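Let's take a walk through a protein model together. Keep the 3D view open and follow along as we go.

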Amino acid sequence: MSTLIQPPSPGLRAPAAEAFLRFENVSKVYPTAKGPYPVLDGIDLSIHEGEFMCVIGHSGCGKSTLLNMVSGFSTPSDGRVVLHGNTITKPGPDRMVVFQGYALLPWFTAYENVYLAVDSVKPDLPAHEKKEITREHLAMVGLTDAADKKILQLSGGMKQRVAIARALAIRPEVLILDEPFGALDAITKEELQEELLTIWNTQRCTVLMITHDIDEALFLADRLVMMTNGPAAKIGEIMDIQFPRPRNREEIMEDPLYYSLRNQALDFLYSRFAHDDVE
Amino acid sequence: MVPTSSRRPGASSSPLRWLARSSGNWLPPLLGIGGFLLLWQILSSLQLIALPAPSSLFTEERTRNLILYPFYDRGGLDKGLFWQTMASLSRVAQGYTLAALVGIAVGITIGLKPAINRAFDPLFQFLRMVAPLAWVPIALVLFQNNQPAAIFVIFITAIWPILINTAEGVRQIPQDYRNVALVLQMSNRRFFTKVLIPSALPYIFTGLRISIGLAWLAIIAAEIVMPGTLGIGFFIWDAYQQNYVGEIVLGVIWIGAIGLILDRLMAWLQTRISPGQ
């Protein structure tokens, strides 16, 4: 177990490959009526290709802002976010987002929602291939039977499955999930975590995911970024989670390492950076 | 008079029982309308009001003929109520269609471009407060001719709810949907057909439904002051000038019925096109 206090400089971890996605001294300041409000301050972070990274922190610590700068919906006030050596300036399908509120189009069916994404991103593919990709990804999340249902007829868990299928169907390099399972019941949540891991194991895209749930992060992530409290939030700690993959929830939970990591995260969130607004 | 309770003897056959069970739905409106007509009948018979009694619509020869023969055509303006209505409806159809096309197009534009909205909103807010009747002289000056003037009056009356609701519908497209379009880098055309129109459709239909009622109100006003036009509005005005009060009453009932049918038609269309939204 190697825990790094304070974000390392890119060279410290000595990654085998050149950093794939990099935050370079990123700050974000929002202008408000009471003057500038700094949300994030001096974020340095390198993410490797194919890495599953979770971000945790109390509300208001700028987690969403951090990820929005990867998706391109927000741009840094200072510093830059670099993917493949190119500075990110606007949204694009190489950095697909699973939105907090699903953001599915309710006038379409599950199938049509996924197809629309595939068709928008790869309009030149032959129609039968686009259909095949759509069906394949709906099948991955177990929605073959519900494919022709309107979004309004689907439960929360099924909507989230459609959103994940839509996101993965366009084969993004980076998948961004903003608290994807926060609104789901415990059982559906565990099912979806497992499905997400299964699919991710086949595609191995880079994943950035915001969560409030330490157990979720420990089950899913390679590394967990823990944010200090805002304003001017920084990266407090980055925790390595080196359970072997493919992971099995029961096996992980029997590992003594699990509890030491869990306690370390709890200590960070509820002792060292405790928040009035306890979640 | 409408018989209110003659169908409710205590028989026990099943259609009658069904009637009794569902009576909560149809009985109150029936009693309300029946009561109103009864009151009117009594006030007229006692000569407390100058209007003829509702029963006189059937007893008086002129109005009875109009009710019984809606399709007669003796040339000129002397035509049955059906032809009068069709003349008015065709004007409404032309003005309303024009209003829908222009209103939706302009509404989408100002919904998407806040700057254009800021430029024109005061003007639109001002123009929509001008009563249909006030447009009539302007329309006559502009077009020098009854028919296009009437269509213009309908157009200018009906366009505002369509325009304003469409713009609101476009502004109300959830940010999430816009973000999806952004991250997928949808073409403008795709965004328009797959996101914008379906999302704004309930608002557009609300505008269309308000406007069909307004258009129908406007045509009557426009026709009344345009002498010599075939149409239900001028029919009433003509009856007034010749002191056929029964015909006025019949015309008003007819107008109300047509307006109600138009409104229901739009409501039905709305449920067909955007169900569950």
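What follows is a short tour, from model confidence to the chain contacts, the rings and a few odd backbone spots.

## How far to trust it

First things first: this is a predicted model. The predictor gives the whole complex an ipTM of 0.85, along with a pTM of 0.79. For chain B, the average pLDDT is 87, and 94% of its residues score at least 70.

There is a weak spot, though. Over residues 1-11 of chain B, pLDDT stays under 50. For that stretch the model has 12 contacts beyond four places in sequence.

## Where the two chains meet

Now look at the place where the chains touch: 16 residues of chain B are in contact with 24 residues of chain A. The size of an interface is often given as the accessible area lost when the parts come together. Here chain B and chain A bury about 1,700 Å² between them, and 69% of that is on carbon and sulfur atoms. Which three residues supply more of chain B's buried area than any other three? They are B:Val183, B:Leu184 and B:Arg190, which supply 35% of the area that chain B buries against chain A.

B:Arg190 also turns up in a salt bridge, with A:Asp119 as its partner. The closest N and O atoms of that pair are 2.9 Å apart. Across this interface, the rule finds 1 salt bridge.

Next, find helix H9 of chain B, which covers residues 175-183. Its buried residues are B:Tyr177, B:Asn179, B:Val180, B:Ala181 and B:Val183. They pack against strand S7 (95-98) and helix H4 (156-169) of chain A, together with H10 of chain B. After H9(B) comes B:Gln185, with a positive phi near 50°.

## Rings keeping company

Time for the aromatics: over all chains, the structure holds 17 aromatic pairs. Take A:Phe243 and A:Tyr258, whose ring centres are 6.3 Å apart; their planes meet at 40°, so the pair is tilted. This pair links distant parts of the chain, with the two positions 15 residues apart: A:Phe243 is in the loop between strand S11 (235-240) and helix H7 (249-254) of chain A, while A:Tyr258 is in helix H8 (residues 256-272) of chain A. Are these two buried or exposed? A:Phe243 is buried, because its relative accessible area is 5%, and A:Tyr258 is buried as well, at 3%.

Over in chain B, the rings of B:Phe152 and B:Phe155 have their centres 6.5 Å apart and their planes at 35°, so this pair is tilted. These two residues sit 3 apart in helix H8 (residues 146-171) of chain B, so about one helical turn separates them. Both are buried. Together with B:Trp135 and B:Phe143, B:Phe152 and B:Phe155 form one aromatic cluster.

Some rings have a charge for company. The charged end of A:Arg249 sits over the ring of A:Phe219, 4.2 Å from the ring centre. In chain B, B:Arg62 lies over the face of B:Tyr244, at 3.7 Å from its ring centre.

## Two stops in chain B

B:Thr157 is in helix H8 of chain B. It counts as buried because its relative accessibility is 10%. Leaving out residues up to four places away in sequence, B:Thr157 touches B:Pro132, B:Leu214 and B:Ala218.

B:Gly228 sits in the loop between helix H10 (188-224) and helix H11 (232-241) of chain B. With 53% relative accessibility, B:Gly228 counts as exposed. Its C-alpha is 9.1 Å from that of B:Gly76, although the two are 152 residues apart in sequence. Apart from residues up to four places away, B:Gly228 touches B:Leu77 and B:Phe234.

## Backbone oddities

Most residues other than glycine have a negative phi, and most peptide bonds are trans. So here are some spots in chain A to look up.

A cis peptide bond joins A:Arg245 and A:Pro246, with omega at about -5°. A:Pro246 lies in the loop between S11 and H7 of chain A.

A:Arg204 isn't a glycine, yet its phi is positive, about 50°. You'll find A:Arg204 in the loop between helix H5 (186-203) and strand S9 (206-210) of chain A, partly exposed at 40% relative accessible area. A:Ala232 isn't a glycine either, and has a positive phi of about 55°. A:Ala232 is in the loop between strand S10 (223-227) and S11 of chain A, and it is partly exposed, with a relative accessible area of 26%.

Note on methods
Residues numbered from 1 in each chain as written. Chains lettered and ligands numbered in written order. Predicted model: local features only at pLDDT ≥ 70, side-chain atom pairs only at ≥ 80, totals over all residues. Heavy atoms only, no water. Phe/Tyr/Trp six-rings, centres within 6.5 Å; stacked < 30°, edge-to-face > 60°. Helix = DSSP H or I, 4+ residues; strand = E, 2+ residues; numbered from the N terminus. Buried < 20%, exposed > 50% of the residue type's maximum accessible area, 1.4 Å probe, protein only. Lys NZ or Arg CZ within 6 Å of the ring centre and 35° of its normal. pLDDT = per-residue confidence, 0-100. Contact = heavy atoms within 4.5 Å. Buried area = accessible area lost by both parts, 1.4 Å probe. Salt bridge = Lys/Arg side-chain N within 4 Å of Asp/Glu carboxyl O.
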